[in-house]
Amino acid sequence: MRREVEESEIRQHIDRIVKGIQDKDLEGLKQLYTTDVVSFDVEPPLAHVGTAAKMKNWERVFTTFEDVTYEVRDLTLAVGDDVAFGHFFGRLSGTLKNGTATSGMWVRGTLCLRKIDGTWLIAHDQVSVPLDIATGKGMTDLQP
């Protein structure tokens, strides 16, 4: 029963991330990560370390989009006492500042969380797209 409660708390945490992205709420998002979060995102550099770097990455997204939607699909979690991890498919879409609507692309996401002072926080995340080895290009048109 306890694992079900913990998993529910983490799913609510992920819902807050989705809402923070859609609201372009950097301060709200900042509260959802550990201060030393390590993020391997689709944009350079190879690693974004710390909440300031993670928020700078979200800020770039928010300055590109007039309005933004984030969708999480097929979230699967494994939950321990104070550590959890999960994987999902995610898609960022919306209307760009120039008025162009974009349906975005599906990415693969992995989350590692730590329970600190009773609160689940993201300590690591990774977002990726499959790579076509022959061309060296990311495959951004795949669907889950």
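Angles between elements run from 0 to 180 degrees between N-to-C directions, with axes fitted to C-alpha atoms and, for helices, over the stretch in contact. The model shown in every view is predicted.

**View 1. Helix H1 lies across four strands of the sheet.** Helix H1 spans residues 2–22. The strands it lies across are S3, S4 (83–96), S5 and S6. Relative to S3, helix H1 runs at about 165 degrees.

**View 2. Six strands make an open sheet.** The strand order is S2-S1-S6-S5-S4-S3. Pairing in this sheet is mixed. Strands pair through backbone hydrogen bonds, in either the parallel or the antiparallel sense. At the edges sit strand S2 (48–49) and strand S3 (65–79), each paired on one side only.

**View 3. A hairpin links S3 to S4.** The connection takes 3 residues. The two strands, S3 and S4, are antiparallel and share 12 bridges. Within this pair, Phe65 stands opposite Leu96 of S4.

**View 4. Strands S5 and S6 pair in the antiparallel sense.** S5 covers residues 101–116, and S6 covers residues 119–128. Their pairing extends over 9 bridges. Look for Cys112, whose bridge partner in S6 is His124.

**View 5. Helix H3 lies across five strands.** Helix H3 comprises residues 51–64. It lies across S1 (33–40), S2, S3, S4 and S6. The angle between H3 and S1 is about 60 degrees.

**View 6. Trp58 and Phe62 stack within helix H3.** An aromatic pair is described by the distance of the ring centres and the angle of the planes. The count here comes to 1 aromatic pair. Trp58 and Phe62 form it, at 6.1 Å centre to centre. Their planes are 20 degrees apart, so the pair counts as stacked, the cut-off being under 30 degrees. The two residues are 4 apart in H3, about one turn of the helix. Trp58 is buried, and Phe62 is buried too.

**View 7. His48 is buried in edge strand S2.** His48 has 3% relative accessibility, so it counts as buried, the cut-off being under 20%. The His48 side chain reaches the backbone oxygen of Glu43 at 3.2 Å. Leaving aside residues up to four places away in sequence, His48 touches Val37, Val38, Ser39, Asp41, Glu43, Ala53, Lys54, Asn57 and Arg60.

Definitions and conventions: Residues are numbered from 1 along each chain as its sequence is written. This is a predicted model: local features need pLDDT of at least 70, side-chain atom pairs count only at pLDDT 80 or more; totals for chains, interfaces and linings use all residues. Side-chain values use heavy atoms; hydrogens and water are left out. Rings of Phe, Tyr and Trp (its six-membered ring) pair if their centres lie within 6.5 Å; planes under 30 degrees apart count as stacked, over 60 as edge-to-face and the rest as tilted. Buried means under 20% relative accessible area, exposed over 50%, partly exposed in between (1.4 Å probe, protein chains only). Two strands pair if DSSP finds at least two bridges between them. Contact means heavy atoms within 4.5 Å. A polar contact is a pair of N or O atoms within 3.5 Å; within protein, one must be able to donate a hydrogen and the other to accept it, and residues adjacent in sequence count only if both atoms are side-chain atoms.
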